[in-house]
Amino acid sequence: MDQIKIFTPASVANVSCGFDVLGFCLDTVGDIMKVSKTENPGVTIGAVTGQELPKDPLKNVASVAASSLLKAHSSNNGFRIDIEKRIKPGSGIGSSAASAAGAVFAINELLGRPYSRNGLVKFAMAGESLASGAAHADNLAPVLLGGFTLVRSNKTLDIIKLPSPKDLVATIIHPKIELKTIHSRAILKNEIPLKKAVEQWGNLGAFISALYTNDYGLLSRSMEDKIIEPIRAMLIPKFNDIKHAAIDAGALGSGISGSGPSVYSLSKGEAKAKKVGQAIRTYYDEIGLDYEVHYSRINNEGIKIL
Ligand code: HSE
């Protein structure tokens with residue numbers, strides 16, 4: 001095989017109760033990447049459509065991730081990466097993770113699959129670190145493994161794939177403003193009061209239990225963020241109105257997607273998810289802020305070969 005075309009999906013990190021450790025994979029939003037073997041060694045960025053991305057291989061997250069893989073597993077060939085970028089950088093649904101994970105996945109296939117999907121996370125981290133200034137795998141893990149994932153350790157990359165209750169549907173509203181992860185991390189506090197930490201790990205444990213038992217009520221009660229969301233909410237126009245409207249419309253829970261500005265909600269069934277979308281879009285219509293709304297079931301497979 002000399003060439004491969006893939007769909008590399010968007011993802012929602014944190015999921016309210018799991019800052020930097022929890023995430024899930026989307027099915028209806030993602031980039032298309034084509035990776036081809038070249039005669040000259042090294043990684044090059046070929047055609048980029050949809051968004052402006054750096055062509056310099058040292059500055060593009062896809063080529064940085066790819067080079068990290070090729071450092072561990074050398075090849076006589078080089079690789080050219082063409083990207084149809086459909087996930088806007090700085091939108092909060094894992095744009096850099098889709099690029100980084102997509103690049104290493106595709107090259108791994110062209111190399112004859114020396115690594116498992118789980119084993120590819122460490123190489124993709126090189127690209128993610130370049131984009132966000134901190135190494136965390138909460139978007140990369142669901143993109144590579146599919147479904148919900150828990151990163152027990154961002155250092156050793158001890159990653160667990162979790163079950164996805166089948167009726168869950170995500171509604172994502174993306175206000176068209178750009179928020180760089182590096183900036184929305186810079187405003188966070190380094191220390192948290194013990195009382196809040198206790199609430200947060202109670203919620204995270206319960207959320208994971210709810211995924212295993214299909215307990216939608218427990219899932220709903222666990223979708224709370226007492227630590228990060230209160231600080232980042234100010235970065236997102238109408239965040240509190242949107243969150244409350246989503247829950248009033250029947251969402252199980254709602255919160256900031258990754259580092260924002262997108263806001264995600266999870267609902268039981270498509271009809272509820274659509275109702276949530278209708279309820280929340282009015283806030284941006286009112287203030288004339290451009291936005292898009294995505295609906296998606298949980299993508300249990302992750303990256304797909306086209
Ligand atoms: N966990 C990360 C954050 C996700 O919230 O900063 C965004 O990359």
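**Helix α6 and the whole chain**

Biologist: What sign does the phi of N214, just after α6, take?
Modeller: This is a predicted model. N214 sits just after α6. Its phi is about 55 degrees, and the sign is positive.

Biologist: How far apart are the end C-alpha atoms of helix α6?
Modeller: Helix α6 covers residues 194-213, which is 20 residues. At 1.5 Å a residue, the helix should therefore span 28 Å. The distance in the model agrees with this: 29 Å.

Biologist: Which elements do the buried residues of α6 pack against?
Modeller: Buried here means under 20% relative accessible area. The buried residues of α6 include A197, Q200, L204, F207 and L211. Their packing partners are three strands and a helix: β2 (22-38), β5 (148-153), β6 (158-162) and α7 (216-222).

Biologist: What is the radius of gyration of the protein chain?
Modeller: The chain has 306 residues, so a compact globule of that length would have a radius of gyration near 19 Å. The C-alpha atoms fill a box of roughly 55 × 40 × 35 Å along the principal axes. The value for the chain agrees with the globule rule: 19 Å.

Biologist: Among contacts between residues at least 6 apart in sequence, what share joins residues at least 24 apart?
Modeller: The chain has ten helices and eleven strands. Of its 306 residues, 55% count as buried. For the contacts in question, the share that joins residues at least 24 apart is 74%.

Biologist: How far apart do the centres of the positive and negative side chains lie?
Modeller: The chain has 35 positive and 29 negative side chains. Each set has its own centre, and the distance between the two centres is 2 Å.

Notes:
Residues numbered from 1 in each chain as written. Predicted model: local features only at pLDDT ≥ 70, side-chain atom pairs only at ≥ 80, totals over all residues. Heavy atoms only, no water. Helix = DSSP H or I, 4+ residues; strand = E, 2+ residues; numbered from the N terminus. Expected span 1.5 Å × (residues − 1). Buried < 20%, exposed > 50% of the residue type's maximum accessible area, 1.4 Å probe, protein only. Contact = heavy atoms within 4.5 Å. Rg over C-alpha atoms; globule rule 2.2 N^0.38 Å. Lys, Arg positive; Asp, Glu negative; His and termini not counted. Charge placed at Lys NZ, Arg CZ, Asp CG, Glu CD.
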